[in-house]
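Reader: Could you take me through one part of this model closely? I would like to hear about the place where two chains meet.

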Amino acid sequence: MLPIISLGCLTPHALSPTLSLSITKPPYNTPLPPLLYSTNPKHNPTNTHNLSMAVSGFEGFEKRLELQFSSHDPVTGIGLRQLDFKSLEQVLHQVQCTVVSALGNQHFDSYVLSESSLFVYPTKIIIKTCGTTQLLKSVQPFINHARTLNLHIIALRYTRGSFIFPQAQPYPHTSFHEEIVYLEDSIPHHLCYRKASVIPSKLTSHSWHVFSAGAVEYPDDVPYTVEVCMTDLDQTLARKFFRHPNDGKNGDSAGREMTGLTGINRINPNAQICDFAFEPCGYSMNGLDRDCYSTIHVTPEHGFSYASFECLGSMYNDMADMVKKAVKVFGPATVSVATTNASDDVCMRIKGAVEQLGMKCRSCSMDVVPAAGMVVFQTFTTRRKRI
Amino acid sequence: MGGQFSSPSPQTFGGKVVTVKSKEDWETQLQNSKTSNKLMVIDFSASWCGPSLFMDPVVQDLANEFPDVDFIKIDIDDFKDVADTFEVKAIPTFVLLKKGKERERVVGVKKDELHRVIEKLRS
């Protein structure tokens, strides 16, 4: 049985919650083969041979933040979408990223950033950044800006995988412990249901980190989210995300070309896509389909290649099919899929879909967190790969 | 900013972004496009959409840079049927017309791309 490292207690008491370290073994739906390694709860499981690398490459693994708000007013209207661009830019400046492109529809606004994406719904903000951005510095500014619109925060969730280059990360991202301390200091007391969890896999290089805090332990109507992380991309496929010198294109037109050539536009043919190709390589896109966002980010360089696909669940879309198509675009050697609040059925279907590509499921672990529900973390590798 | 044009004769916007205010207004603009050689850029926008608002000053700069191009702004709530005719699914959407026909469109905040297609089509 893979142990879950749960840091933090659930305390509905009005006093500030206490943080404690414990290793718990929650019930699993499926029995797992014996542990191949043990985890030291005091440090972040990392791929130790990366620590000897003198130079680090670009960190593709993102940090993701989701902030849920509620309005005191009877009619919320467009809520957070009222935030003017100057205010958003101010917050993004603190995180060290800028807006590269944007697109909206009736339900939400989406922004492609220099280091990933931002989604603004009337009562929800999702911001996902890679590289060495200090994402958590956006928490307090977002909470403050929302307050000016009479919106108060009711839930926060922070998730990330394991960094390829953890030593390159700045404060407060130097360790998960440091991130938790920073988050606890940034959020108001009324978010009293809190939990921090490191969900492991059989791969020391792949763990899933979750911090969740909410005013309500089990909220209704939480849509499910799927976060897919892919590493060791097929080199031929990754090459499609390199710009050609003197191609006569700009980031917008090159991005559009990549979206078509790689088949990304076929993952969800109903989505409106906002894409961008970076120089000399790299690609980002946001997809808009009714009230569902999707987002893809690619770091194609050999040695630290990475791609992510994230999507909000919807009854209109076949999530497993979309995940399968996304993985096929990149041909990775390792895939991790983290779902939040997804049904067993969705998790099983995704597993089946990835296995159809010839990959083998290496682990499936889960944990329940307040305000978000069940988090399931599955990892897959190509059959050739030895762990 | 902008005014009502009652006659179908070609107009010089001269760096102004004209906001379409009525159905007749729109019909006039479309007619203008059909009868002239000028490029017309339609900015389908909405006041509740951040990305759309982001482009307002950008479009004004483009209108100043290309005074020989007509720039018009259509609010998708006020002119839902026009937006539907042009199959506007996300905003901002820029549709470039020549002789009343769509030649290109740019979807989203894409300054460089919008600049490029305007330059390409204006002659």
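Author: Happily; here is a walk through the contact between the two chains, with a helix pair afterwards.

This is a predicted model, in which local features need pLDDT of at least 70, side-chain atom pairs count only at pLDDT 80 or more, and totals for chains, interfaces and linings use all residues. Residues are numbered from 1 along each chain as its sequence is written, chains are lettered from A in the order in which they are written, and side-chain values use heavy atoms, without hydrogens and water.

At the interface, 20 residues of chain A touch 19 residues of chain B (contact means heavy atoms within 4.5 Å). Together the two chains bury about 1500 Å², with 57% of that on carbon and sulfur atoms; buried area is the accessible area, for a 1.4 Å probe, that two parts lose on being put together, summed over both. On the chain A side, Leu103(A), Asp252(A) and Gln272(A) provide 27% of the area buried against chain B, more than any other three residues.

Asp252(A) also pairs with Lys110(B) in a salt bridge, their closest N and O atoms lying 3.6 Å apart. The count of salt bridges between chain A and chain B is two, each being a side-chain nitrogen of Lys or Arg within 4 Å of a carboxyl oxygen of Asp or Glu.

Now for the helix pair. In chain A, the axes of α6(A) (residues 319-330) and α7(A) (residues 344-355) come within 8 Å and cross at roughly 30°. Among the residues making this contact are Val323(A) of α6(A) and Ile350(A) of α7(A).

Terms used:
Axes fitted to C-alpha atoms, helices over the stretch in contact; angles between N-to-C directions. Helix = DSSP H or I, 4+ residues; strand = E, 2+ residues; numbered from the N terminus.
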